[in-house]
Every structure is written in C-alpha cells, then in structure tokens.
Amino acid sequence: MLKQSMQRGLMGLGLVATLGLGSARAQGTADTKMAMEHSPMAVTASDLRVGLNNLFAEHLILAGDATGAALAGRSDEFKAAAAALDANSVALSQAVGSVYGHDAEEAFLALWRKHIGFTVDYVTGIATKDKAKQDAAVNALLGYTKDLAAFLNAANPNLPVSVVSDLVKSHVVGLKSVIDNQAAMNYAQAYAGVRAGAAHMQMIGDPLAGAIVKQYPGQFAGMTDAASASLRAALNLTLREHVYLAASATEAALGGRSQEFTDAAGALDANSVQLSKAIGSVYGADAETAFLALWRKHIGFFVDYTTGVAKKDRKAQEKAVKDLIGYARDFAAFLNSANPDLPTSVVSELVKSHVVGLKAVVDAQAKGDWTTAYARLREAAAHMQMIADPLADGISKQFPEKFASR
C-alpha cells in the first residue's frame, strides 16, 4: 500500500504522468481510449481527481503570487511567478489533452491563457487607476466564463454550460477580491481570499473529474466521490497549501514586509489548524492537539532558519536545519504510533525531503533568484503528494468502513 502511494506521488506535477500516458499522448478520442487501455500504470478515479484539483488550486495560488508581486512593483518576482503560472497552465492543458486529444489541449491552453490575460488587464487598470480598463477586464472575464463552460460542455456533455459558467464566475470573482485586497495592502483578507479561492477550485476539479469518469466508464478504477478519494484529495490540497503559504511567509520576511509576513503566517497557521482537525477527525481530540503542536514546531524551525539567512548567521541556520532533521524523525514516530502502516524510517525520509525542498526555496528567495525560487516551490508542493498519498492510504486501510474506496 505504502509503495503504491509513493509511486503515485512520484508522478509529479502534471496530470499526463498521473494518467500514465507518457509520450504516447492521444491525438483523438479513439487513440485516447487506446492509450488508457494500454497504459503501463493503472489510472484510478482518485488519481484523476487529485491531479486535477492539485493543478487547479496551484493555478489560483500562483496567480495570487503574480498579481501581488505586480501590484507591489516587484517586477523580477512577477516575471518568475507569471512563468510558473504559465507552466501550470501548460500542465492543465496537457491534462485535458491526455483525455481529449492534442487539438483539445491546444484549444484549452489558448482559452485558459486568455483569462489570465484579462486578469493582467485588471491588475494594470488598478495599478494605473484606470477605472475603464478595470471595468472592461471584468466584463471580459465574465464573458470568458461562458466560453470556457461551452468548451468543456462540447468535450463532455456531463458538464452543463450554466453550472460550469457559474463555478468559473465564482473563481473570477474570488481572484478579483484577492487582487483588490492586495492593492489595498489588506494582506490578511488577501491571504484569506487565496485560501478560499484555492479551496473553491475543487468545485471545478471535482465535477470535471467525475464527468470524465462518467464519460469513459471502465477506464478509471474506483469512484471520484469515494470516501477514500475524498480523504486523499483533502490531504493533498491541505499539505500543498502548507508549502505555498510557508513560502509566502518566508518571502515576505526576507523582503522586510513585516505586516505581510504576519498575515501570511496567520494564514499558514490556519492551514495548520485545518490539517490538525483532519487528523483529529480520524484519531480524536488528543491526537489533534498533539499533531498541531508538533506541526507548528517545524514551522518555528523554518522561521529560525529564515531569520538566520536574513542575518547571515551561519550558526543559526545550521542549528535550524539540525532541528528540522530531528523533527522529521519525531513526526514520523508520531504518525507511526497512530498508524503502524506508516513505517517510521520511510515517513522520516519523506518529511526530510520536504524540509530540504522548502529550504531550497528560502535560499533562492534570499538570493533574489525568483526563477529558481518558483521552480523549487512547485517541486516542493508536488512532493507533498508523497506524504499525503501514503497517509491517506494508511488511514483508509486502518479504517476501511469509514474510508471505503467505492
């Protein structure tokens, strides 16, 4: 079970790998079905749901990073964040293409990039105080919701135009609210909006995954709405969000933006509470309390490391890294005591990789190497699937009646 979970985690950022189609991407519906049938890796409905939700949530978070940097005049960071956002767009389009073919992939990418362009127009309108430009961008975005809904409905009639349009409209309105709060330097509300917006993307990812499974019955094992699939999706999204919010906090700290750091740290702690409640819903209130204290501990060590980097204090950095490596063992022991299907040595190595990955993000941020920082950030977020999947599978195996796969 754990080995299978790790293999899924290793599939990485794009859903093409998750679907197991590799370089033999389909050029049409018939070829797609054949590629699925002869895929070297089994594809489950849960894989599809997790892959789509991870990419959609990442889109929202990276968009928020890009708009925040643009409005603050951090041009180099904006360019790197925008490039990471476009890489996410390509991954999403490849996910669509792996199901519906190359033509659909190209069409989706062009359409998806279009709404990002409208968002840039809106940000530009705010930055230049051009109300007419802002209004035009909002109107364009609202019109886009119908276009995307029509595109998805044409590919899959299980996705009603009106329903999808309303869901995409909520995404647009949510991201607009994030931008407005960033412009007003109301970072507490901006980060709350990012979290809410990322969570809302599941209302797009879930129906899309379910509709694809319904359209191609027999191609995906299991069900997208099984309790085990819901657990896996929730843990993936929450753990990935942890990485992005941690990076936002360290970046603000290193940039000397104290209020933004405080608000990003507050959002990060809200994520920690959410994660601990997920643990508590399975193992009880005592486990929830213990998990939260332990999880917050490693965040504190990262604050120590970031402070050491900012002050160029090598000893403080080394101590923080040593504390983080020790924490990996403590955390693994905690999970193993709750669930013997999670071997201490394996979990410890996975958590250690998380620590090393996030440290690389902080180091790149400190150097102002934004291209590397965002590349490492996407990798560190993707790596969290290698923790989320084994944890979800271990819990499902431990409590099969509560977390059924069908």
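1. Start with the largest pocket of this predicted model. Its lining counts 32 residues. Those nearest the pocket centre are G68, A69, R74, Q182 and E260.

2. The volume of the largest pocket is about 500 Å³.

3. Several helices share the lining. Those giving two or more residues to the largest pocket are α4, α6 (102-127), α8, α9 (187-200), α11 (227-254), α15 (344-367) and α16 (370-383). Helix α4 gives the most, with six residues.

4. The chemistry of the lining is mixed: 20 residues are nonpolar, five are polar and seven are charged.

5. Now the packing of two of these helices. Helix α4 covers residues 45-71, and helix α8 covers residues 161-183. Their axes come within 10 Å and cross at roughly 30 degrees. Angles under 35 degrees count as roughly parallel, so α4 and α8 are roughly parallel to each other. The crossing is right-handed.

6. Which residues make the contact between α4 and α8? From α4 come H59, L60, A63, G64, T67, G68 and L71. From α8 come H171, L175, I179, Q182 and A183. By class, this contact has six nonpolar residues, six polar and no charged. The pocket lining, in turn, has seven charged residues.

7. Two residues link the two topics. G68 of α4 and Q182 of α8 take part in the helix contact. G68 and Q182 are also among the residues nearest the centre of the largest pocket.

Key:
Residues are numbered from 1 along each chain as its sequence is written. This is a predicted model: local features need pLDDT of at least 70, side-chain atom pairs count only at pLDDT 80 or more; totals for chains, interfaces and linings use all residues. Side-chain values use heavy atoms; hydrogens and water are left out. Axes are lines fitted to C-alpha atoms, for helices over the stretch in contact, and angles run from 0 to 180 degrees between N-to-C directions. Helices (H or I, at least four residues) and strands (E, at least two) are DSSP runs, numbered from the N terminus. Angles under 35 degrees count as roughly parallel, over 145 as roughly antiparallel, 65 to 115 as roughly perpendicular and the rest as oblique. A crossing is left-handed if the near helix is turned anticlockwise from the far one by less than a right angle, and right-handed if clockwise. Contact means heavy atoms within 4.5 Å. Ala, Val, Leu, Ile, Met, Phe, Trp, Tyr, Cys and Pro count as nonpolar, Asp, Glu, Lys and Arg as charged, and the others, Gly among them, as polar. On a 1 Å grid over the protein atoms alone, a cavity is a set of points where a 1.4 Å probe fits but cannot get out, and a pocket is an open set with protein on both sides within 12 Å along at least five of seven lines; lining residues have an atom within 4 Å of a point. Grid points are joined across faces, edges and corners, and a volume is the space filled by probe spheres set on the points.
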